[in-house]
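Q: Could you take me on a close look at the largest pocket of this model and the parts around it? I am new to reading structures, so a slow walk would be welcome.

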Amino acid sequence: ARRGDIEAALNADFGHRSRHETALFEIVTLIQGISYLHRNLRAFMRPTPRAVAWHSQLGRAHIEYQPLGVVGVMAPWNYPFSLALMPLATSIAAGNRTMLKPSEFA
């Protein structure tokens with residue numbers, strides 16, 4: 001919805017950056033990554049069965065994925081939009097709280 005605004009802002013930051021480069025490497029990859037997370041989140045969070053030792057064959061074992069807390073994301077200056085927001089989306093999809101630090105040079 002704000003694609004033109006994002007392209008204009010990144011063009012102003014970098015000075016004469018191609019809109020096609022911004023669209024291809026920043027916006028499209030981010031949208032595809034978030035779409036992938038949205039489609040597969042239920043499968044990612046499903047408990048994974050594990051084998052048990054021979055003497056414990058009556059029992060079952062599985063791994064339940066749980067959020068670990070706070071994740072820090074430090075974004076680089078060269079592709080600040082996608083390399084900041086994709087780890088942010090992944091961390092939030094995993095259920096973590098996220099602290100985002102953009103680059104000081106962008």
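A: Here is a walk through the pocket, followed by some of the elements that line it. Please keep in mind that this is a predicted model.

Let's begin with the space itself. Rolling a probe the size of a water molecule over the atoms shows where empty space is left. The largest pocket found here has a volume of about 190 Å³. Its lining is made up of 15 residues, and those closest to the centre are M45, T90, A93, A94 and N96. Three elements each give two or more residues to this lining: α2 (19–45), β3 (70–74) and α3 (82–93). The largest share, four residues, comes from α2. As for chemical character, the lining has 11 nonpolar residues and four polar ones, with no charged residue.

Now let's follow two of those elements, β3 and α3. Together with β4, they make a right-handed β-α-β unit. The strands β3 and β4 (residues 97–101) pair in the parallel sense, over five bridges. For one example that you can find in the picture, look at V73, whose bridge partner in β4 is L100.

Finally, here is a ring pair to look for. The structure holds one aromatic pair, formed by Y36 and F44. The centres of these two rings are 5.8 Å apart and their planes stand at 55°, a tilted arrangement. Y36 has 41% relative accessibility, so Y36 counts as partly exposed. F44 also counts as partly exposed, because its relative accessibility is 35%.

Key:
Residues numbered from 1 in each chain as written. Predicted model: local features only at pLDDT ≥ 70, side-chain atom pairs only at ≥ 80, totals over all residues. Heavy atoms only, no water. 1 Å grid on protein atoms, 1.4 Å probe; cavity = no way out; pocket = protein on both sides within 12 Å on 5 of 7 lines; lining within 4 Å. Points joined across faces, edges and corners; volume = space filled by probe spheres on them. Nonpolar A, V, L, I, M, F, W, Y, C, P; charged D, E, K, R; others polar. Phe/Tyr/Trp six-rings, centres within 6.5 Å; stacked < 30°, edge-to-face > 60°. Buried < 20%, exposed > 50% of the residue type's maximum accessible area, 1.4 Å probe, protein only. Pairing = 2+ DSSP bridges. Right-handed = clockwise from strand over helix to strand, strands pointing away.
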